[in-house]
Amino acid sequence: DVQIQFELDSARLSPEAGRQIQSLASALSDDSLARARIALNGHTDASGTDEHNLELSEARAAAVRNALIVDYHIDPDRLVAIGFGEERLADNAYPEDPINRRVEIVRLTQ
C-alpha cells in the first residue's frame, strides 16, 4: 500500500511526498501497470469542519494527480482523484493523528 502523507491543514507536497510520487510514476510507467487505472483517495484527520475537511481531502488528491500528470506525463484518464474528508480515518482511535492526513493509492483495474 502506498500512502502519501501531508502536514496539518495542507495540500502542499513535501519533498518526501515528491519522492513517493516519483516512485509511483515509475511503477505506473512499467509494462505491468501501463494500463492500470488508479484511484487517488484523499483523506484528512478530524481536526477541521466536515466541509473544510472534504475540500482539503479533494485538494490533496488533486495535488498528487496533478504531479503525476504534469511532472511525469501519466495519462490523466488513468487517474481518479477523490476526496473523503475525515470519513475514512486510518486510525479511528486517534482521529487527529497525522497518519490520517494522507492520499491512498488504490489500483482499480489491470
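So, Val-2 sits in strand S1, residues 2–5; helices (H or I, at least four residues) and strands (E, at least two) are DSSP runs, numbered from the N terminus. This is a predicted model, where local features need pLDDT of at least 70 and side-chain atom pairs count only at pLDDT 80 or more, while totals for chains, interfaces and linings use all residues. Residues are numbered from 1 along each chain as its sequence is written, and side-chain values use heavy atoms, with hydrogens and water left out.

Is Val-2 buried or exposed? Val-2 counts as partly exposed because its relative accessibility is 34%; buried means under 20%, exposed over 50%, and partly exposed is in between, with a 1.4 Å probe and protein chains only. Leaving out residues up to four places away in sequence, Val-2 touches Val-103, Glu-104 and Ile-105, where contact means heavy atoms within 4.5 Å.

Okay, on to Ile-105. With that sequence cut again, Ile-105 touches Val-2, Ile-4, Leu-24, Ile-38, Ala-39, Leu-40 and Val-64. Ile-105 is also among the residues with the most contacts inside the largest nonpolar core, along with Leu-40, Val-64 and Leu-68. That core has 18 residues; a nonpolar core is a set of buried Ala, Val, Leu, Ile, Met, Phe, Trp, Tyr and Cys residues joined through side-chain atoms within 4.5 Å. Helix H1 (15–29) is one of the elements supplying at least two core residues, and H1 gives the most, with five.

Last bit, the strands. S2 (residues 38–42) and S3 (residues 79–83) pair in the parallel sense over five bridges; pairing takes at least two bridges found by DSSP. Leu-40 has Ala-81 in S3 as its bridge partner.
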